[in-house]
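Let's take a walk through the charged side chains of this protein and see what they hold on to. Have the structure open beside you as you read.

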Amino acid sequence: MCLVFVCDEDERVVSRQAAPGTCPYCGGMVQAMDVESQWRFCFLPLYWKTRRKFYCTICSRRLVVQF
């Protein structure tokens with residue numbers, strides 16, 4: 001039996017920087033990371049997008065910004 005994965009998602013950190021504010025859970029510093037995600041089908045890139053994600057530096061939780 002052979003199992004072949006033809007679809008793949010690759011995430012890569014482009015940059016990191018300090019963000020204003022503190023973590024609501026532990027009070028640690030917040031870090032903003034620009035993450036580039038890329039979907040591939042049979043090693044051909046189909047879709048890519050750059051997003052900004054926020055993480056706490058102490059408890060490593062992903063934080064969601066609400067406007």
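Start with Lys53, which forms a salt bridge with Glu11; the closest N and O atoms are 3.6 Å apart. Keep in mind as you look that this is a predicted model. The pair links distant parts of the chain, since Lys53 sits in strand β3 (residues 44-56) and Glu11 in strand β1, 42 residues apart.

Is Lys53 buried or exposed? Its relative accessibility is 13%, so Lys53 counts as buried, the cut-off being under 20%. Its partner is another matter: Glu11 has a relative accessibility of 46% and counts as partly exposed.

Which residues does Lys53 touch, once those up to four places away in sequence are set aside? Glu11 is one of them, and the others are Gln31, Ala32, Met33, Val35 and Arg62. If you select Lys53 in your viewer, you can bring up these neighbours around its place in strand β3.

Now move on to another pair. Arg12 and Glu36 bring their side chains together in a salt bridge, with 3.1 Å from N to O. Arg12 belongs to strand β1 and Glu36 to strand β2, so this contact ties together parts of the chain that are 24 residues apart in sequence. How accessible are the two partners? Arg12 has a relative accessible area of 46%, which makes it partly exposed. Glu36, at 25% relative accessibility, also counts as partly exposed, because that category runs from the 20% limit for buried up to the 50% limit for exposed.

A further salt bridge joins Arg40 to Asp10, and here the closest N and O atoms lie 3.1 Å apart. Arg40 is in strand β2 (residues 29-41), while Asp10 is in strand β1 (residues 7-22), so the two side chains tie together parts that are 30 residues apart in sequence. Arg40 comes out at 23% relative accessibility and therefore counts as partly exposed. For Asp10 the value is 31%, so Asp10 is partly exposed as well.

How many salt bridges does the structure hold? There are four, among them the pairs Lys53 with Glu11, Arg12 with Glu36 and Arg40 with Asp10. To retrace the tour, follow Glu11 in strand β1 across to Lys53 in strand β3, then Arg12 in strand β1 to Glu36 in strand β2, and finish with Asp10 in strand β1 and Arg40 in strand β2.

Terms used:
Residues are numbered from 1 along each chain as its sequence is written. This is a predicted model: local features need pLDDT of at least 70, side-chain atom pairs count only at pLDDT 80 or more; totals for chains, interfaces and linings use all residues. Side-chain values use heavy atoms; hydrogens and water are left out. Helices (H or I, at least four residues) and strands (E, at least two) are DSSP runs, numbered from the N terminus. Buried means under 20% relative accessible area, exposed over 50%, partly exposed in between (1.4 Å probe, protein chains only). Contact means heavy atoms within 4.5 Å.
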